[in-house]
Structures are given as structure tokens and as C-alpha cells.
Amino acid sequence: MGLLQFLKSQFLCHLIICYVFLVSGLLINLIQLCTLPLWLISKQLARRINIRLGYCIASQMVAVLEWWSGTECTLYTDPKSYQLYGKENAIVVLNHAFEIDFLCGWTFCERFGVLGSSKVLAKQELSYVPVIGWMWYFLEIVFCKRKWEEDRTNVARSLQNLRDYPENYWFLLHCEGTRFTPKKHQISMQVAESKGLPQLKYHLLPRTKGFYITVQNLRGTVAAIYDSTLNFRNNEAPTLLGILNGKKYHADLYVRRIPLESVPEDESECAAWLHKLYQEKDGFQEQYAQTGRFPGPITSPPRRPWSLINWLFWSCVVLYPLGLLLAQLLSSGSVFTIVTAVVVCSAVSMGMRWMIGQTEIEKGSNYGIKAAPENSN
Ligand SMILES: CCCCC/C=C\C/C=C\CCCCCCCC(=O)SCCNC(=O)CCNC(=O)[C@H](O)C(C)(C)COP(=O)(O)OP(=O)(O)OC[C@H]1O[C@@H](n2cnc3c(N)ncnc32)[C@H](O)[C@@H]1OP(=O)(O)O
Ligand SMILES: CCCCCCCCCCCCCCCCCC(=O)OC[C@@H](O)COP(=O)(O)O
């Protein structure tokens, strides 16, 4: 093991990375809060400022993926579509099977210049996560309770708000609604069977209502669907803790650009269209399992230095006062202050561990297990 790899595995380094993320993140959340009065005066300016503030948080995690763990991301897509990525609004339909799929999504957003403005239809629980969840309020992320009766009006309203968004964005939809587990897969395939739909091997049965409502409400402002299928080489199941430990993964993403006009306007036809899309996605995953690659040419976008520069900037901002504080603590020699510092450090690392836990599949929700008996008939 080289010195760098040894350093990457050290808890102290993880603590420093987490400290920078947490303290700078809370600071940025605070600045976001201060932009509230601006929304009344100039909504578009407030949005543009929040896009940059959001970038400052999200790109720290991207920096850890790209520069600390060195994870590589390969894009399979046709070169004509590639020219349009980042230059138009799009709805991204992505499979949901990995703990870091959101982070790989962010990496591609960063490389195409839409990281600060990217959006998602996210479960409500994520809005309570400090730093990321709080940042999302100001980025107008669309939250859902995964209870259609409540979601139908709230989600539509939030989507309507995005119609005059001032910068290009990608709107991420995990139509499966929850992460893939063998148990959830088995149950969703029972639902598929009861509906006379073909079986899927690598995906859960997609939920169609969120897709339909998104397409309907964003029609005219979004140019295309980016049908995206993600997998990792060597059957790896990457984790955020692995990334923090400096483990290098290799992500492969296959993206097909489908003009939005080809999605039917009628609700049941739109649902059938989505089911067909997932059958095709399943085919791509089968090809990946057999051959280790997706169809089409490879056009990998290079990583950019901005995420690293941003991380270095925030490190300087928050590590300098920490250094001064630690020096004062040690020179004071007071047992009370030293014990207080140790307690605060432990609380911070437990808080960070809880946040990382939000990404872990084994700590995931029961959605798709519990709801099945009532919903499936
Ligand atoms: C290219 C690079 C990528 C770029 C990335 C871009 C941007 C990045 C930005 C941010 C990154 C951060 C990422 C954070 C990720 C967080 C993601 C999440 O939180 S996923 C969870 C929340 N999202 C969703 O759930 C979206 C999909 N869901 C829906 O659309 C739902 O329809 C809904 C709107 C949420 C409503 O759900 P609800 O359960 O209330 O109703 P449904 O109508 O869906 O359910 C009833 C329906 O489903 C059938 N059913 C029952 N059981 C099952 C089952 N087990 N499996 C499948 N189907 C089931 C039931 O029969 C009903 O069927 P029908 O519709 O025919 O009546
Ligand atoms: C700079 C880097 C510091 C590294 C440490 C920072 C750790 C901070 C982690 C905060 C992460 C919070 C964002 C979580 C996004 C998780 C997205 C996700 O995958 O959610 C799951 C839902 O879609 C479905 O939930 P389930 O129904 O499967 O349950």
C-alpha cells in the first residue's frame, strides 16, 4: 500500500473531510437563508445565487468521488446527443440500484455544467437531512411523500414553479421509487404479473404516475428525456464509505436522448410507454451483464478542476479557525475544555455517520414492500 492509499484509509482524514463538508455546508445553508428576502425583490436573481451556493455544497461530494477516490465515469452515448447535454432542460430517467448513484449523477451534472441547478423528485424524508436536504429547499427540489393522494397536487405545483427557471437543469426521476433489493424486486414482479406486464430482471416495476405528472407539467420547457442506465464494473456495489476510504470504482452510464414530443400525452399511453422503456433498459443491463459494456460509442467527458478548487477553498475557510481553536485548547490545558472538544468531535462524527446512513440500502425504507398488498390489486 502506497503512502497516499494509506492516508486515504485513515479515520483522521475522513474526519477532516467530513468536518469541512459539515461546517462549510451549514455556513452555506445560513447564507441561503439570508437570500430569503431577495426572493421577494428578484426571484430570478435569488435562484441564480442559490444555484451557485448549491454548487459549493454538491461539488464537495463530487470532488471526493473524482479526486479523492479517483472513481472513473464512462459515458456511452451518441455524439450528436452529446452536443446537447447541458444546453437544454431534460428529464433524466435513471435506474436506482446503487448507494452512490446520486453521486454519479452529480458527477455527470458537474461535467456538463448543470450541477447547481439539477433537480430531482425526492422522497420527503431527505429534506430533513442537514446540509443537503436544507440546501434542496432553496434549489426548489420537488419532494414527494410517495402517497399519491397527497402528492398529486403538491408535486404538480412544485413542477409548475420550475417552468420559468432561469438556467438549464436536469430533472432526475427514479421511476422505480425505491432502491432495488431482491425482496422489493420479487414483490414488484408479482405486481407486474397481476397487471399482465412482462417481467424485469434488473429493475423494479416503474411507478408511472410521477413520470406522467412530470412530463405533463414540464412539457414545453423540457426538450428531452435522457434515458440513463448505470452500472459498475466487476459487479461492484459501491458505497459512500468506500469512496471516503479512497476506493476507486468504475461507473458506466448509457444515455439515450429521446425528444419529449415522442412521449404520449394520454396518461395510460404514457404509462405503457414508460413500461416499454424499462423493458428496453432491462435489455441494456442484460447486455452489460453478458459483455461488460453498453451499446453505442464511448464519449467520456473529462473531469473539471472546479470541484477540487471549490473544496480547497472551503477547506481553507473552515480549517484555519479550527487550527487556531485547537491550538488555544491545547495551550489552555483545561481538562473541561478538552473533554468538551472530544464530546463535540464525537457528536459530529456520529452525525456524519447518520447522514451517510441515509445512503445505505440496508437502512432503506419499506416502500415497495409494505404498500404492495393494498396497491397491487
Ligand atoms: C445522467 C446523469 C443523472 C443526472 C442526475 C440529475 C440530477 C441529480 C439531482 C439530484 C441528485 C440527488 C438524488 C437524490 C435521489 C433521491 C431519489 C428518491 O428519493 S427516489 C424516491 C422518490 N421518488 C419517487 O418515488 C419517484 C417515482 N415514484 C412515483 O412516480 C410515484 O408514482 C409517486 C408520484 C411518488 C406516487 O407514489 P405512490 O406510491 O403513492 O403511488 P403509485 O401510483 O406510484 O403506486 C400505486 C401504483 O403502483 C402499483 N404498485 C403497488 N405496489 C407496487 C410495487 N411494489 N412495485 C411497483 N408497483 C407497485 C400499484 O398497483 C399502483 O399501480 P397503478 O399506477 O397502475 O394504479
Ligand atoms: C465531501 C464529502 C463528505 C462525505 C460525507 C458526507 C456524507 C453526507 C451524506 C449526505 C447524503 C444525503 C443525500 C442522500 C441522497 C440519497 C439518495 C438516495 O439514494 O435516497 C434513497 C431514495 O431514493 C430511496 O430511498 P429508499 O426507499 O430506497 O430507502
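How do the residues of the shell around ligand 2 divide into nonpolar, polar and charged? There are 14 nonpolar, seven polar and two charged residues in that shell. Here Ala, Val, Leu, Ile, Met, Phe, Trp, Tyr, Cys and Pro count as nonpolar, Asp, Glu, Lys and Arg as charged, and the others, Gly among them, as polar.

This is a predicted model: local features need pLDDT of at least 70, side-chain atom pairs count only at pLDDT 80 or more, and totals for chains, interfaces and linings use all residues. Residues are numbered from 1 along each chain as its sequence is written, while chains are lettered from A and ligands numbered from 1 in the order in which they are written.

**Ligand 2**

The shell around ligand 2 holds 23 residues. A residue is near the ligand if its C-beta atom, placed from the backbone, lies within 6 Å of it. The closest are Phe-21, Thr-178, Arg-179, Gly-364 and Ser-365. Three helices, α2 (11-34), α4 (43-68) and α14, each supply at least two shell residues.

**Overall fold**

The protein chain has 15 helices and seven strands. Helices (H or I, at least four residues) and strands (E, at least two) are DSSP runs, numbered from the N terminus. The radius of gyration is 22 Å, close to the 21 Å that the globule rule gives for 377 residues, so the chain is as compact as a globular protein of that length. The radius is taken over C-alpha atoms, and the rule is 2.2 Å times the number of residues to the power 0.38. Along its principal axes the C-alpha trace spans about 70 × 55 × 45 Å.

Of the 377 residues, 37% are buried. Buried means 20 or more other C-beta atoms within 10 Å of the residue's own; exposed means 12 or fewer, and partly exposed lies in between, with C-beta atoms placed from the backbone. Among contacts with a separation of 6 or more, 82% join residues 24 or more positions apart. A contact needs C-beta atoms, placed from the backbone, within 7 Å.

**Two helices that line the ligand**

Helix α2 has 24 residues and should span 34 Å at 1.5 Å a residue; its end C-alpha atoms are 34 Å apart, which agrees. The expected span is 1.5 Å times one less than the number of residues. Buried in α2 are Ile-17, Val-20, Phe-21, Ser-24, Gly-25, Ile-28 and Gln-32. These buried residues pack against α4, α7 (132-138), α11 (240-244) and α13 (306-332).

Helix α14 (residues 335-357) also fits its expected span, 33 Å for 23 residues. Of those 23 residues, one is buried, so α14 lies largely in the open.

**Annotated spans**

The unreviewed UniProt entry annotates a "transmembrane region" at residues 12-41, 308-329 and 335-356. It also gives "domain: Phospholipid/glycerol acyltransferase" for residues 90-212. Positions follow the numbering used here, feature names are shortened, and annotations may be inferred rather than shown by experiment.

| Residues | End C-alpha distance | Helix | Strand |
|---|---|---|---|
| 12-41 | 45 Å | 97% | 0% |
| 308-329 | 31 Å | 100% | 0% |
| 90-212 | 14 Å | 40% | 14% |

**Two single residues**

Leu-274 lies in helix α12 (residues 267-291). Leu-274 is buried, with 23 other C-beta atoms within 10 Å. Leaving out residues up to four places away in sequence, Leu-274 touches Cys-175, Pro-206, Thr-208 and Phe-211.

Asn-161 belongs to helix α8 (residues 148-161). Asn-161 is exposed, with 12 other C-beta atoms within 10 Å. Its C-alpha atom is 38 Å from that of Glu-286, 125 residues away in sequence.

Conventions. Two residues are in contact if their C-beta atoms, placed from the backbone, lie within 7 Å.
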